[in-house]
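Hi,

Here's the structure I promised to pass on. Have a look at it first, and my notes follow below.

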Amino acid sequence: MKDNILFRKLLISGTLIWVGLLAVVPYLILLRTSFLERGGEILQAAGWSLANYTRLFSPAVFSMAVDSALLAAGTALLCLLVGYPFAYILVRSGEKAQPLLLLLVMIPFWTNSLIRTYALVIMLKADGIINSLLLRLGLIDQPLQLMYTSVAVFIGLVYTLLPFMILPLFAAFKAMDLQLIEAGRDLGAGPLQTLLRIIVPLTMPGIIAGTMLVFLPALGMFYIADILGGARSMLLGNYIRDQFLVFRDLPMGAAASVAMTVAMGILLLLYYLASRRSGGGHLK
Amino acid sequence: MKKTVVELIEVAKDFDGQRALADISLTVTDGEFLSLLGPSGCGKTTLLRLIGGFEHCTSGLLRIDGQDMDRIPPEKRAVNTVFQNYALFPHMTVYDNVAFGLRMAKRSSREIRLAVTQALDMVQLSGLEQRRPAALSGGQQQRVAIARALINKPRVLLLDEPLSALDHRLRKQMQKELKQLQRALGITFILVTHDQDEAFAMSDRVVVMQAGRIEQIGTPMEIYENPVNLFVARFVGDINILDGVVVSRSGADTYHALVEGVAVTLHSRRDFLPGQQLHVLLRPEDVRLEQERDIAESRSLSAKFAQARLPGTVQRIFYHGATYDVEVMLDNGNQVQVTEFFDEDSANLSFRPGDQVALGWLQGWEVVLPHEG
């Protein structure tokens, strides 16, 4: 019994130290840095400046941030439109088909995403698989410019993040009693009414969770924009990376990071409030 | 002549090539309380789901109010279901659950409010309108499910083992309430159950099913007193099955036979040939049991045993309060269960282990069936 308590204390304090050293402390440093002038070093420079945060709202940076958010929102929407029916089919599929279909979702999930992004290049480039296929079918006369466009980045984001949408949706469908669908039909609801009044409300936690899990990373996956989108920095993630590694403007990068984290935090808070309001109680 | 509501003609249902229902022909009349009774896996729930529209017949014909139901989805059928686990919408209040059917039918909100209030009144749940299903007891959820299914005034209410999740006392009470509700509303109820007591207590007619087939359709009394085969006889209550062989026929429905090695007279409307093997079925409460020496002493008593007098020895007594069971071993070694009521004149049990006794039955109370296997 006493050993047990000691073990627990060790375990908890170990975790706390780990989180503290590797997450909280660096983040505090980042926070402090964001209030410095350009070239400032946290250990020497003093003073508090909001200049970096003001710069975030300069037209160039702000419109980049809005574009990035729109791209992320579009990614989340397409993932939802593809993932929702897929998750439903997944939960309805038989004992043999379900593990197989799940495996199809998981395999890309387990593969290094850099490798998968380079694989997409082979699909998308001028003499790539998609273009040669379309040319051979006679649907186009000359290769489409897919690479280094926002379309390519969009495809890359959807492809990479789709499993993050499907898995929470699948969990939500699994938690739902499928007989409720029959109950709805029994009481006179057609397929559309059943979807809107029963299936969507009951899978809402999965819809929200999946959307968050796609939207938030889609703001920051700079390497996808690098490989598929070319030199233009399209995502918030690219901008932050460039501030740190290209322009060496640590305080500006820090400020952008903090702003992005705050935005994510607000979204997560909204999610928490929404999931609490939708009763939570119905997820037994 | 009452109107037919549901009609099934030679319906069969396959799942992945496996036959789940075969040769189902059944007519349900308006206002009837019908039970589908059988062990699990007998196809009774599948039959209910066919009527509800959740499954489609592989072959055969299903009509509701004379209309062919092939390809008619559940939402277009004048049939509602009380599901086994109730299937209440967890994200809606009791009020919204009950109102759901009317909202789908696009009724005015005034009409809906009135109907929901009435329905909740009917199932004694007034005041719980704003609760979520998770905050209700099992019995209350059951009532919500019933109110929700009845709100659209269906022609037929389908109930899939609705009472199986309730404890014994509540189940008995809900049986009574359901029966009263059915009488008051005049709606046809079709109940699926594996509980013979439940089926008998509530139904006008019982359909006994086994392995995807209908074994017998009849009133509870017909099923209990005149089972058509050994399966039905065994499934509804305790029964003693004696083996015998026909010796000769005398008259239209009287046979001389050897039963458990003893010469007896049997009555049956069925036709048997001399030499044919048969079963004699006796409910424990229909067996007449007396002490051998009492019969020897009394002429009137021995007259009652004239048609059948099977000797045996009392083995054990089981006390049940109002009745007691006597386990008797016949002289050929077979066991028979007898249920006796307490003799009002004597405080003591009439039988003790070791007593030499004779078994008989009232003329015509035995069920005679051809030998099975």
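Going straight to where the chains meet: the contact draws on 25 residues from chain B and 22 residues from chain A. Keep in mind that this is a predicted model. About 2,000 Å² is buried between chain B and chain A, and carbon and sulfur atoms give 60% of that. On the chain B side, E75(B), H91(B) and M104(B) supply 30% of the area that chain B buries against chain A, more than any other three residues.

E75(B) turns up again in the polar part. I get two salt bridges between chain B and chain A. One that involves E75(B) is with R185(A), where the closest N and O atoms are 2.7 Å apart. There are also six residue pairs in polar contact between the two chains, both partners at pLDDT 80 or more.

As for which elements of chain B touch chain A, β6 (79-82), α2 (94-104) and α4 (138-150) each supply at least two residues. α2(B) gives the most, with four residues.

One more thing, this time in chain A: helix α4 (residues 97-110). Its 14 residues should span 20 Å at 1.5 Å a residue, and the end C-alpha atoms are 20 Å apart, so the two agree. There's still a kink of about 25 degrees at L104(A), shortly before the proline P108(A). P108(A) is buried, as are Q98(A), V105(A) and M106(A) in α4(A). The buried residues of α4(A) pack against α3 (59-92), α5 (113-124) and α7 (150-175) of chain A.

Cheers

How values were computed: Residues are numbered from 1 along each chain as its sequence is written. Chains are lettered from A and ligands numbered from 1 in the order in which they are written. This is a predicted model: local features need pLDDT of at least 70, side-chain atom pairs count only at pLDDT 80 or more; totals for chains, interfaces and linings use all residues. Side-chain values use heavy atoms; hydrogens and water are left out. The expected span of a helix is 1.5 Å times one less than its number of residues. The bend at a residue is the angle between axes fitted to the seven residues ending there and the seven starting there. Buried means under 20% relative accessible area, exposed over 50%, partly exposed in between (1.4 Å probe, protein chains only). Contact means heavy atoms within 4.5 Å. Buried area is the accessible area (1.4 Å probe) that two parts lose on being put together, summed over both. A salt bridge is a side-chain nitrogen of Lys or Arg within 4 Å of a carboxyl oxygen of Asp or Glu. A polar contact is a pair of N or O atoms within 3.5 Å; within protein, one must be able to donate a hydrogen and the other to accept it, and residues adjacent in sequence count only if both atoms are side-chain atoms.
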